[in-house]
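Please read the report below alongside the sequence and the model. It begins with one side chain and its partners, and then widens to the strands, the loop and the chain as a whole.

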Amino acid sequence: MSDAEIAKTRYTAFTSKKDQAVTARLIVRRVKRLNPQAAGGQDELFSQYRYHAVFTDSPFHLAQAEEQHRDHAIVEQVFADLSCGPLAHLPSGDLAANAASTPTVTRATSA
């Protein structure tokens, strides 16, 4: 389990642009930053936190909306890693080169 804390507030974005203001929920997730250099059993004098903000108009409850945002961020990172890595040079004019750079998917067949 994580020791994360989440909170929400109403926020209006884009107020400086006429007719483009949007009011929705601003969700902030706070996670305690642990000090890896601290000796075992020694508490920190001042706790430090990492903050992650989400601006959403999702109809889901606070915890559900924040969890869905984290899941979406993980999927987007996987796509970015693939497109900058093995799939960066697809499609190639050489079929063998395309086959070498994509993962092989095997299908089980019954005898």
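In this predicted model, the side chain of Glu 66 makes a polar contact with the side chain of Arg 70 at 2.9 Å, and the side chain of Glu 66 makes another polar contact with the side chain of Arg 29 at 3.1 Å. Glu 66 is found in helix α1, and it counts as buried because its relative accessibility is 5%, where buried means under 20%. When its neighbours within four places in sequence are left aside, Glu 66 is in contact with Ile 6, Ile 27 and Arg 29.

The helix that holds Glu 66 covers residues 62–84 and lies across β1, β2 and β3, running at about 75 degrees to β2. His 69 lies in helix α1 as well, but His 69 has a relative accessible area of 33% and is therefore partly exposed. The C-alpha atoms of His 69 and Ser 58 are separated by 10.0 Å, and these two residues are eleven residues apart along the chain.

Ser 58 also takes part in an arrangement with Thr 56, in which the backbone nitrogen of Ser 58 lies 3.0 Å from a polar atom of the side chain of Thr 56. Thr 56 lies in strand β3, and its relative accessibility of 17% is why it counts as buried. Apart from neighbours within four places in sequence, Thr 56 is in contact with Ala 24, Arg 25 and Ile 27. Ile 27 is also one of the residues in contact with Glu 66.

How are the strands beneath these details ordered in the sheet, and is their pairing parallel or antiparallel? The three strands form an open sheet in the order β1-β2-β3, and the pairing is antiparallel. The edge strands are β1 and β3, each of which pairs on one side only, and neighbouring strands of this sheet are turned by 25 degrees against each other on average, with direction ignored. Nine bridges join β1 to β2, and nine bridges join β2 to β3. Strands of a sheet pair through backbone hydrogen bonds, either parallel or antiparallel.

The table gives examples of residues that stand opposite each other in this sheet.

| Residue | Opposite residue | Strand of the opposite residue |
|---|---|---|
| Thr 9 | Leu 26 | β2 |
| Ile 27 | Val 54 | β3 |
| Val 28 | Ala 53 | β3 |

Two residues with an unusual backbone setting deserve a separate look. Most residues other than glycine have a negative phi. Phe 14, however, has a positive phi of about 60 degrees although it is not a glycine, and Asp 19 likewise has a positive phi of about 60 degrees without being a glycine. Phe 14 is placed in the loop between β1 (5–13) and β2 (22–33), and Asp 19 also has its place in the loop between β1 and β2. Are Phe 14 and Asp 19 buried, partly exposed or exposed? Phe 14 counts as partly exposed because its relative accessibility is 48%, whereas Asp 19 counts as exposed because its relative accessibility is 84%.

Seen as a whole, the protein chain has two helices and three strands, and along the sequence these elements follow the pattern β-β-β-α-α. Buried residues make up 11% of the 111 residues in the protein chain. Of the contacts in the protein chain with a separation of 6 or more, 42% are accounted for by residues 24 or more positions apart. The protein chain exposes about 9,600 Å², and carbon and sulfur atoms supply 55% of that area.

A final point concerns the confidence of the prediction. The protein chain averages a pLDDT of 79, and 68% of the residues score at least 70. Among the elements of the protein chain, β1 has the highest mean pLDDT, at 93, while helix α2 (residues 95–101) has the lowest, at 68. Where pLDDT is low, the predicted coordinates should not be read in detail.

Notes. Residues are numbered from 1 along each chain as its sequence is written. This is a predicted model: local features need pLDDT of at least 70, side-chain atom pairs count only at pLDDT 80 or more; totals for chains, interfaces and linings use all residues. Side-chain values use heavy atoms; hydrogens and water are left out. Helices (H or I, at least four residues) and strands (E, at least two) are DSSP runs, numbered from the N terminus. Buried means under 20% relative accessible area, exposed over 50%, partly exposed in between (1.4 Å probe, protein chains only). Two strands pair if DSSP finds at least two bridges between them. Axes are lines fitted to C-alpha atoms, for helices over the stretch in contact, and angles run from 0 to 180 degrees between N-to-C directions. Contact means heavy atoms within 4.5 Å. pLDDT is the predictor's confidence in each residue, from 0 to 100. Accessible areas come from the Shrake-Rupley method with a 1.4 Å probe; for residues, only the protein chains shown count as cover. A polar contact is a pair of N or O atoms within 3.5 Å; within protein, one must be able to donate a hydrogen and the other to accept it, and residues adjacent in sequence count only if both atoms are side-chain atoms.
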